[in-house]
Amino acid sequence: MTQVRSRDTGWALYKQLLGYVKPHWVSFLVAIVGYAIYAASSTALAEMMKRLIDGIQSPDAAFRLLLPLFVVFMFAARGLGTFLGTYFMSNVARNVVHALRCNVFNHMLHLPGRFFDSHSSGHLVSRVTYHVEQVTGAATNAITILLREGLFVLGLLSYLLWTNWMLTLLFLAVTPLIGGVVSYASKRFRRISQRIQDSMGDVTHVASEALTGYRVVRTHGAEEYEKARFARASDYNRQQKMKEALTKAVSTPVIQLLIAVSLALLVWLAMSPALLDNMTPGEFVAFITAASLMAKPVRQLTEINSEIQKGIAAAGELFGLLQEPVEPDSGTREPARLQGRIQLRNVSFRYAEDQPEVLKHIDLMIEPGEMVAIVGRSGSGKTTLTGLLPRFYRPTAGEVLIDGVPIDQYRLSPLREQIALVSQQVTLFNASVANNIAYGVPEAERDSIKAAATAAYAHEFIDRLPDGYDTIVGDNGVMLSGGQRQRLAIARAIFKDAPLLILDEATSALDTESERYIQRALEEVCRGRTTLVIAHRLSTIERADRILVMEQGRIVEQGSHAELLAHNGAYAALHRLQFQEDVAS
Ligand code: ADP
Ligand code: MG
């Protein structure tokens, strides 16, 4: 499985993430102000200790009133700071995640066919679910703690420096050690997080395959195999999670111990007679209080490290995906309505560099309104040939022209609007029958939907559904039979009313009788448009204007049904074979 991985690390990633934060800078600023208030009021706790202890030694009435007021004020300010920080930071983080998630999804809708050939849908789905949630973790909890506790640590440090800078510098002597532990742990967290993310993709992938294909799994008695496969994917995920837990479980106490050691050192030093002389008891207590207050934020800061690293690893993956080049769409022509003259000039095609040629030097000219049938063994390249017209793939060599214009010169979406395609695999959306026929046209008129359904011989069965045209068809149309699904797909193509119609084994799931009906209907529909029909059953294409016979990526014969029979070549052989089969059955 190829993974998209951003080549950027560290700063480049932060900068890209910051780009997402930019539109919400007001909220961000408010949150920072909130955290600053929080940090300042928390630091004031140490100052309060000093006043308290110094005050006890010489109490007066004003002090007695002021100190409790100060306590209340300090906690009120702290509360306000917490609220501003938490709420506005969540606002920023949720917006960032929403924008990132939509961007990733939108980008995937424009990636070329090749991308989908090399990435499983399970891995792609896990990008917009799991990966994005990882970024959320980093963006909400982690940034909150980072800012809140980070500012608090800064506040405490300034207070310490202000109280006794020399002691503070001694106290800070252990920071390089702490830094070392944190940095080692960070690298490890990030590496492990990447593996965890990949393994989540595997888990999604295996589960969705086995669950959507449950019939095949059961008829082949492959339950145990799938269970083992799933357990393997899940166990790998568990192992990586445990490595993460181990790193976290070791690094946190180590860091705490380091802090404790430096605190102990501090107390020992602070109690030296030379230093004690220079400080009031209040100052001394305040200093120790501030230094020990540091333990909690530092611990929290190191604990969120793993979450931040997860977020960064996930963001790297997502930004990497966003860097994948989209389908080239540099054409400028916007055809109003094409006539439908198709021309292929010496077209060759392979799916990837390291794969064999699937189409070899194809020359073809199809006149507007012509109905051309393509026959040939499975794997001979029929579907691939039709996939070049809507530019799902681009030819490796040669040129495809429509109405005399190379198709690269058309803008993609207006070009595709002119092509109606019914493919081998019918895709239905979990929406009403009417919305499936008028797919992509939200305000379609019911009458034109009915007309399309009638032409596709679908009206009758739709009428018998519980809610007629408003029946929801279920996940990929599970409520319908194969033939019914195909008829819906044909109705969708008829509804689109495009000048170019491609029917790729569109009637293969129908019984001979319905197929014959639809055939007659299609002949009506085909009038005035260029039609390419790929059919397995030769009886259905006898009336085509021209029949092309493909073999291993080449067109080996072409002509009308009668001509090809008279020619007594590949087509005649195929025809004899099917005739014998028909007689036998
Ligand atoms: P047909 O429609 O005539 O049955 P296709 O055009 O689907 O044949 O396939 C032609 C050849 O291209 C086959 O050998 C098939 O293995 C290969 N092929 C089809 N789709 C892909 C793909 N997405 N990636 C790589 N090879 C493919
Ligand atoms: Mg095919």
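The exercises below, each with a worked solution, deal with charged side chains and paired strands in one predicted model.

Residues are numbered from 1 along each chain as its sequence is written, while chains are lettered from A and ligands numbered from 1 in the order in which they are written. Because the model is predicted, local features need pLDDT of at least 70 and side-chain atom pairs count only at pLDDT 80 or more, whereas totals for chains, interfaces and linings use all residues; side-chain values use heavy atoms, with hydrogens and water left out.

**Exercise 1.** Find how many salt bridges there are, and examine the one between Arg148 and Glu149.

*Solution.* Start from the rule, by which a salt bridge is a side-chain nitrogen of Lys or Arg within 4 Å of a carboxyl oxygen of Asp or Glu. By this rule, the count comes to 21 salt bridges. For Arg148 and Glu149, the closest N and O atoms are 2.9 Å apart. Next, consider burial, where buried means under 20% relative accessible area, exposed over 50% and partly exposed in between, with a 1.4 Å probe and protein chains only. Arg148 is buried because its relative accessible area is 16%, and Glu149 is buried because its value is 0%.

**Exercise 2.** Describe the salt bridges that Lys227 and Arg238 form within helix H8.

*Solution.* Helices (H or I, at least four residues) and strands (E, at least two) are DSSP runs numbered from the N terminus. Lys227 meets Glu224 at 3.2 Å, N to O; both lie in helix H8 (residues 223-270), 3 residues apart, which is about one turn of the helix, and both are exposed. Arg238 meets Asp235 at 2.8 Å, N to O, and these two are separated by about one helical turn because they are 3 residues apart in helix H8. Arg238 counts as partly exposed because its relative accessibility is 45%, and Asp235 counts as partly exposed because its relative accessibility is 31%.

**Exercise 3.** Decide whether Asp504 is buried or exposed, and find its nearest side chain of opposite charge.

*Solution.* Asp504 is found in strand E7 (residues 500-504). Asp504 is buried yet has no salt bridge, and the nearest side chain of opposite charge, Lys382, is 6.9 Å away. Here Lys and Arg count as positive and Asp and Glu as negative, while His and the chain ends are not counted.

**Exercise 4.** Work out how strands E1 and E2 pair.

*Solution.* Two strands pair if DSSP finds at least two bridges between them. Strand E1 (residues 342-350) and strand E2 (residues 357-366) pair in the antiparallel sense over 6 bridges. Ile342 stands opposite Ile366 in E2, and a hairpin joins E1 to E2 through 6 residues.
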